[in-house]
Amino acid sequence: MWKRTEKNHKYSGIICFTFAYFLVAFLVLHPFLFQGKSLIHDGDSLRQHYVALVYLRRWVKEIFLRLFRGEGFHVPLFDLNIGYGGDLITTFAYYGIGDPFTYITLFVHESRVDLMYGIIYWLKIYCAGLAAFSFFRYHGRSSFAAIPASLLYCFSGFAMFLGRGQLSFLSAVVWFPLVCLGADKILDGKKPWIFVTSLFFAAISNFYFYYMMVLLVTGYVIYRAVVLKKLRGKALFEMAGRFAFFGITAAALSGFMLLPVFTTVLSTARITYEKSIPAHYPLSFYLKYPAAFIGTMSPIDWTSLSFTPVVFITDVLLFTRWKKYGSLKLGLVVLFLMSALPAAGTVLNGFSYPSNRWIWAFGLLNAYVFAVITEEISEICLGGVVFLIFMTAVCLFMCNLTVLTDTSSVKVSCIALITMTVLFLVFILFEGLRKYLSLLLYVCAFSGIILTGLLNFAKWGNNAAGKALYFGEPFEEMTEPEADALIKDKEGVYRLANDGLEEHSNSQLIRKTNGTNYYFSVVSPYISEYLDRMGFNVTRAFQYRTEDDRSIAEALSMTRYAFVREGWEGNRPFDYHKTDRWTVKDDSIIYLYEADEPLPLGYTYDYWIPKSRFEQMNLAERQAAMLYGAVMEESSLKESDFEPGNRSVYHGIEENENIAIDGENILVKAEGASAALNAKVRDDAETYVYIKSTDFYPITPLDSMTEEEREELPAKEWQELRFAGKPNQYSIGASYGEKMDVADFMLKNNIYYGGHTETMINLGVLNSEEEEELRIHFEDKGIYRLDAIDVYEQPVKEVRERIHALKEESLTDTEIGINRISGSLTVKQPKLLVLSVPYSPGWCAFIDGQRVKCSPANLMYLGMEVPAGTHNIEVRYRTPYFLMGALLCLSGIIFLTVYGFIFREKTK
């Protein structure tokens with residue numbers, strides 16, 4: 001009878017939490033509902049997470065449709081629509097390919113996935129709250145205390161704000177409490193199934209947050225085992241062995257996804273490039289921190305706290321319990337210090353850059369503290385009241401110390417904190433009201449969550465709902481039916497340059513077109529190397545868009561068509577002509593252009609160029625070299641005798657009243673200043689302005705002022721200028737008459753800095769008869785460090801001749817199937833075939849059914865040597881390490897089966 005009553009009591013707590021959750025969720029998110037808005041905004045939520053949902057829905061649906069049609073069970077693992085072409089598992093492991101919530105989208109048409117985006121968001125936050133509720137209850141907290149604590153956790157800033165824009169991030173919020181709960185059960189000698197299961201789902205849902213969880217839970221387990229349970233010697237060794245076994249088993253179960261992803265991630269530029277870790281964040285971070293804790297402000301990227309004022313109060317009150325809860329106090333201090341130190345953020349971010357994307361763990365601890373204080377609030381002494389007043393005053397002082405936090409939302413949060421503190425003082429000091437303190441905490445928790453949410457979403461706050469897209473708009477934004485219809489009847493495999501459409505990143509995945517548009521977190525290291533060595537204007541290798549209209553690059557990538565906006569025709573490479581096809585977008589005419597002599601998917605070289613020799617060339621020489629020989633590590637073919645020659649037509653830069661030159665440093669005295677470049681342009685060559693820049697020191701408004709002018713500044717304006725900080729990126733442009741383009745550079749203090757220091761600005765084929773000046777432009781005042789500057793030319797005739805030579809013996813009858821590409825090739829002598837798909841160790845090449853070696857060619861493409869004669873060419877793809885990961889998964893199943901059998905026998 002007792003067990004039945006306890007079970008019913010447990011479910012009543014869940015029912016009450018469910019009711020409270022949906023009530024709070026409605027009150028927080030009603031600005032979206034009343035305006036007919038989705039939860040998607042024009043940013044990462046649209047370009048990455050929404051696109052991933054639509055794509056993965058289509059991917060799974062097509063797998064089952066083929067199966068039902070009797071075509072067999074085939075799982076596509078590679079798709080040419082993913083940027084230059086990419087692996088599905090490594091690309092989408094970050095975006096929910098293994099997340100069970102993702103495939104709720106199968107129940108609606110793909111045009112309505114924006115609706116499911118919101119449902120998944122609501123459902124994930126609800127599940128996160130249930131997980132936290134279970135964790136709190138296991139640790140002895142009453143349902144009465146656990147319900148508001150769980151709401152504070154699942155509606156904290158990371159979940160409510162960042163989770164809306166980065167839907168896959170919510171996986172961490174869902175699985176972390178369950179992983180901790182499973183760890184507690186193992187520590188208490190109970191069954192490990194919750195630990196293994198939740199760790200498995202965390203791993204396949206998002207490898208990135210799984211990595212963070214492993215580190216955080218390891219620290220949690222060590223502390224609980226050593227400090228709280230005081231395990232030593234053999235007992236500690238046995239417990240460590242149990243966790244190692246179950247942790248490795250969970251990792252093995254998810255090996256089919258983890259192994260391919262981790263091997264790819266460890267080779268990406270975000271990890272491999274050397275970075276300096278600052279000792280501390282900017283001063284503005286620490287000034288904003290209190291306002292971020294109680295309100296909606298974010299002191300720096302991804303440090304979204306928003307724990308509400310009542311959590312600040314309960315944290316403070318915890319420290320007034322002088323002789324109790326030492327472990328909780330230590331936990332708060334440790335996690336606070338971790339959030340304030342870039343080193344901790346760097347380690348938890350995979351040694352990439354400082355980021356507090358692990359802050360959900362801090363939220364769980366703060367919510368637990370709330371639950372503890374809720375049950376003991378009536379025991380707070382007078383000394384605790386004094387300490388609360390003091391800490392509230394400190395928090396308010398910090399919130400109003402600088403104008404950087406002087407916003408309306410911060411003011412409202414401060415007023416809420418004052419109000420709640422005063423109410424607590426009244427209820428504590430008056431004996432008759434003390435019995436209602438827990439109820440007051442309840443009210444403050446609910447009102448704090450709703451207030452914080454509305455401060456971000458409502459019109460009178462930051463109006464995030466007003467900035468979101470209406471239902472139906474996301475699909476419209478990511479499709480171009482009128483423009484894509486212009487090429488639907490075109491045959492063959494080719495790429496399309498979408499610059500003129502100004503379309504969103506990754507839209508080609510929805511449109512099913514091949515291009516060079518990519519914006520996902522994990523990118524092939526071969527693509528990263530290509531973008532860097534060729535000097536494209538790409539500051540972040542995981543976000544590339546165009547090939548700078550370079551004729552050679554677009555030819556080698558089999559780009560055949562281009563959309564060009566009226567008035568921007570001069571931006572296309574010289575070997576494109578306007579067709580009679582056009583459409584209208586945003587009141588502008590969009591023309592379809594076609595290359596005069598496009599290269600097919602596969603083309604052949606007679607010679608090769610050693611990569612070591614290629615690395616010694618400048619950027620202009622490198623792209624020209626690829627016309628004469630395929631860049632390879634090794635080859636049995638003849639080495640090309642390509643000689644770069646002198647492609648420079650640069651003779652210096654002219655100083656003027658706004659530009660002063662001192663060696664490698666250029667002092668720019670006025671915003672938007674420019675200087676003439678002495679260079680002779682030609683009518684029959686593409687012109688490139690080469691720039692290598694490694695630093696920029698801005699001249700701030702304060703630097704330009706005299707002491708008297710600074711003293712006359714209002715305090716608010718002076719503080720704005722003082723704490724503005726150094727910029728983390730800058731731009732340099734080049735122009736010839738009305739033709740202009742801009743290159744972007746990042747400083748080392750930019751979290752996305754990846755070593756990009758040199759680029760070529762392509763101005764196309766210029767008209768020397770216009771007698772315009774070739775100029776270099778600087779956006780801001782300051783000192784620019786230009787390690788090198790040059791002007792190169794690329795003769796049109798050379799490009800046309802060499803492209804024609806590459807095309808003479810090329811792949812025909814090309815077919816692209818599931819994870820395979822095939823075609824026919826006839827060559828008169830041994831040659832090197834290059835396919836315009838990114839190289840990966842997952843490719844296997846076959847000539848007439850016999851497997852042959854394939855290697856990276858031209859840095860990122862797929863190359864193989866072909867003997868003379870007519871041959872059937874086929875390449876097949878399998879995600880690297882996928883088979884090994886599947887074997888690991890099988891071994892994990894075996895381990896668990898054996899353990900379950902042994903455990904069952906022992907219990908008998």
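In which helix is the place of Glu 376? In this predicted model, Glu 376 sits in helix H17. With a relative accessibility of just 10%, Glu 376 falls below the 20% cut-off and therefore counts as buried. Setting aside neighbours within four places in sequence, its contacts are Arg 321, Lys 324 and Tyr 325.

Helix H17 turns up again in the packing of the nonpolar residues. The largest nonpolar core holds 247 residues, and Phe 92, Leu 151, Trp 360 and Tyr 530 are the ones with the most contacts inside it. Helix H17, spanning residues 359-376, is the top contributor to this core, putting in 13 residues. As for Phe 92, once residues up to four places away in sequence are left out, it touches Ala 52, Tyr 55, Leu 56, Ile 82 and Ile 97, along with Leu 509 and Phe 520. A second core, separate from that one, has 29 residues, including Ile 659, Tyr 784, Ile 789 and Val 791.

Aromatic rings come next. Searching the whole structure turns up 64 aromatic pairs. One of them is Phe 22 with Tyr 126, a tilted pair with 5.5 Å from centre to centre and 35 degrees between the planes. Phe 22 belongs to helix H1 (residues 2-34) and Tyr 126 to helix H4 (residues 113-138), so this pair ties together parts that lie 104 residues apart in sequence. The two partners can also be described by their accessibility. Phe 22 has a relative accessible area of 41%, so it is classed as partly exposed. Tyr 126 comes in at 14% relative accessibility and so counts as buried.

On to the strands. An open sheet is built from five strands, ordered S14-S15-S22-S17-S20, with antiparallel pairing. Which strands stand at the edges of the sheet? Those places go to S14 (659-662) and S20 (758-765); each has a single partner strand, so one side of each is left without a neighbour in the sheet. From one strand to the next, the twist averages 35 degrees. Zooming in on one pairing, strand S17 (residues 685-698) runs antiparallel to S20, and seven bridges join the two. Thr 687, for instance, has Gly 764 in S20 as its bridge partner. Helix H31 (residues 796-807) lies across S17, S20 and strand S22 (782-795), and it runs at about 65 degrees to S22.

Parallel pairing shows up around strand S10. Strand S10 (residues 607-610) is joined to strand S11 (residues 630-632) by three bridges, and the two run parallel. Within this pairing, Pro 610 is matched with Met 632 in S11. S10 also pairs in the parallel sense with strand S12 (residues 638-639), this time over two bridges. Here the bridge partner of Trp 608 is Glu 639 in S12.

Finally, a word on confidence. Averaged over the protein chain, pLDDT is 89, and 94% of the residues score at least 70. Where does pLDDT stay under 50? That happens over residues 1-8, a stretch for which the model has one contact beyond four places in sequence.

How values were computed. Residues are numbered from 1 along each chain as its sequence is written. This is a predicted model: local features need pLDDT of at least 70, side-chain atom pairs count only at pLDDT 80 or more; totals for chains, interfaces and linings use all residues. Side-chain values use heavy atoms; hydrogens and water are left out. A nonpolar core is a set of buried Ala, Val, Leu, Ile, Met, Phe, Trp, Tyr and Cys residues joined through side-chain atoms within 4.5 Å. Buried means under 20% relative accessible area, exposed over 50%, partly exposed in between (1.4 Å probe, protein chains only). Helices (H or I, at least four residues) and strands (E, at least two) are DSSP runs, numbered from the N terminus. Contact means heavy atoms within 4.5 Å. Two strands pair if DSSP finds at least two bridges between them. Axes are lines fitted to C-alpha atoms, for helices over the stretch in contact, and angles run from 0 to 180 degrees between N-to-C directions. pLDDT is the predictor's confidence in each residue, from 0 to 100. Rings of Phe, Tyr and Trp (its six-membered ring) pair if their centres lie within 6.5 Å; planes under 30 degrees apart count as stacked, over 60 as edge-to-face and the rest as tilted.
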